[in-house]
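Q: Please take a close look at one helix in this structure and at the residues around it. I would like one connected account, in plain terms, that also says where the rest of the chain comes in.

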Amino acid sequence: MLLLAVGLVAISFSAIFIAWSTAPAGVIGMYRLWMASVLLAPAVWRERPPANALRRMSGWLAASGVLLGLHFLFWIESLKLTSVASSLIILALEPVFVWAGEWLWQGAPARPFDLASMAVAIAGAALAAAASTGLSRTGALGDAMSLLGTLAVSGYVLVGARVRKEIPACTYNASAFVVGGAVLALANACLGAPFGGYSVRNWLLFAALAVVSTILGHGIFNALLHRVPPTAIAMTVVGEPVVGSLLAMALLHQPISPLEAVGGAVCLAGVGAYLWRSARQSEDETDPPRQKAQPADGRDGAERLDAGDA
């Protein structure tokens, strides 16, 4: 739970760093991923997973990186074509897509409490997003781009859960970040975005994004994928707009309306309820209830033996 909270705060800083930067969004995403992969290189060298495991998982590793790059590409572009409210509402559907993927891929059960918590969190995120700009008519193309970005990040989480069963965390993170950065580099080249000529301030913000939002954010989530259900990760990320709004209020002096506050509280309540239920379920699976201590005279044990003999 604590690591999930740290990861949520870390990725929520992403919007702040991007707001402070004057570089194109695709360039920011490219350098944050590549810088993060370079910083992870010593840890990857220490892990040195077996070569046969890397060969066996090479296709999955590439797919994960491509999906991460496509998420950044589609979702950032959607913000230029549609309202922030509409884009965030669609992005809040991530846990639904991840849960559907788990159900189709692994036959994950559908628990009523989990589905109810998911619905509460998504409703709260939608309310908070709608409060900032209002639910107005938006560009169909922008909404489609946001939907594609949400599908891409949902696939990224599901593929990551598969890869993390055999590949250590740092190796997986570095591989996904390198490939994702390459996808963004190709997009930047096609769009004519400059790869250099940025101020020292921008390079420091790229580094901050790499360390805080990428390694401590995405990196923590990816590291937890081998023992935390993918839907739990996706549910945590639903809280990003809420935490990001609080950070924006403190650091960018952007006010929060009463409706945003209510929506944020509802969203976090739904996320918290889901994660509480997930943690309880994990405890039940790893620490089954202990049998009651037996009386000193042992009569209950004898009675059970007699019943078994009968």
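A: A residue counts as buried when its relative accessible area is under 20%, and as exposed when that area is over 50%. The model is a predicted one. The part chosen here is helix α9, which covers residues 200-224.

A few words on the whole come before the part. The protein has 13 helices and zero strands, so the order of its elements from the N terminus is α-α-α-α-α-α-α-α-α-α-α-α-α. Of its 310 residues, 44% are buried. Taking contacts between residues at least 6 apart in sequence, 89% link residues that are at least 24 apart. The exposed surface comes to about 15,400 Å², and 68% of that is supplied by carbon and sulfur atoms.

Now to α9 itself, beginning with His218, a residue of this helix. Is His218 buried or exposed? Its relative accessible area is 15%, and since the cut-off for buried is under 20%, His218 is buried. Leaving out residues up to four places away in sequence, His218 touches Ile11, Arg32, Leu68, Phe72, Tyr156, Asn173, Phe177 and Ser213.

Asn222 also sits in helix α9. With a relative accessible area of 3%, Asn222 is buried. Beyond its neighbours within four places in sequence, Asn222 is in contact with Tyr156, Arg164, Tyr172, Asn173 and Phe177. Tyr156, Asn173 and Phe177 are thus found among the contacts of His218 and among those of Asn222.

The next step is to see how α9 meets other helices. Two packed helices are described by the angle between their axes and the distance between the axes.

Take α1 against α9. Their axes come within 8 Å and cross at roughly 155°. Because an angle over 145 degrees counts as roughly antiparallel, α1 is roughly antiparallel to α9. The crossing of this pair is left-handed. On the α1 side, the residues that meet α9 are Leu3, Leu4, Val6, Gly7, Leu8, Ala10, Ile11, Phe13, Ser14, Phe17, Ile18 and Trp20. On the α9 side, they are Arg201, Leu205, Ala208, Leu209, Val212, Ser213, Leu216, Gly217, His218, Ile220, Phe221 and Leu224. Sorted by class, this contact has 18 nonpolar, five polar and one charged residues.

The second partner is α8, residues 169-191. Here the axes are 9 Å apart, and the packing angle is about 120°. That angle makes α8 oblique to α9, and the crossing is right-handed. Ala169, Tyr172, Asn173 and Phe177 of α8 make this contact with Thr214, His218, Gly219, Asn222 and Ala223 of α9. The residues divide into four nonpolar, five polar and no charged. His218 belongs to the contact with α1 and also to the contact with α8.

Between α8 and α9 there is a loop, and Ala193 lies in it. Ala193 has a relative accessible area of 14%, so this loop residue is buried. Ala193 touches Val27 and Asn188, when residues up to four places away in sequence are not counted. How far apart in space are Ala193 and Pro24, C-alpha to C-alpha? The distance is 7.2 Å, although 169 residues separate Ala193 and Pro24 in sequence.

Finally, α1 has another packing partner, α11. Helix α1 (residues 2-20) and helix α11 (residues 240-251) have axes that come within 8 Å and cross at roughly 50°. They are therefore oblique to each other, with a right-handed crossing. From α1, Leu8, Val9, Ile11, Ser12, Phe13, Ile16 and Trp20 take part in the contact, and from α11, Glu240, Val243, Gly244, Leu247, Ala248 and Leu251. By class, there are 10 nonpolar, two polar and one charged residues in this contact. Leu8, Ile11, Phe13 and Trp20 of α1 are among the residues in contact with α11 and among those that meet α9.

An exposed residue elsewhere offers a contrast to His218. Arg48 lies in the loop between α2 (25-47) and α3 (51-81), and with a relative accessible area of 52% it is exposed, whereas His218 of α9 is buried.

Terms used. Residues are numbered from 1 along each chain as its sequence is written. This is a predicted model: local features need pLDDT of at least 70, side-chain atom pairs count only at pLDDT 80 or more; totals for chains, interfaces and linings use all residues. Side-chain values use heavy atoms; hydrogens and water are left out. Helices (H or I, at least four residues) and strands (E, at least two) are DSSP runs, numbered from the N terminus. Buried means under 20% relative accessible area, exposed over 50%, partly exposed in between (1.4 Å probe, protein chains only). Contact means heavy atoms within 4.5 Å. Accessible areas come from the Shrake-Rupley method with a 1.4 Å probe; for residues, only the protein chains shown count as cover. Axes are lines fitted to C-alpha atoms, for helices over the stretch in contact, and angles run from 0 to 180 degrees between N-to-C directions. Angles under 35 degrees count as roughly parallel, over 145 as roughly antiparallel, 65 to 115 as roughly perpendicular and the rest as oblique. A crossing is left-handed if the near helix is turned anticlockwise from the far one by less than a right angle, and right-handed if clockwise. Ala, Val, Leu, Ile, Met, Phe, Trp, Tyr, Cys and Pro count as nonpolar, Asp, Glu, Lys and Arg as charged, and the others, Gly among them, as polar.
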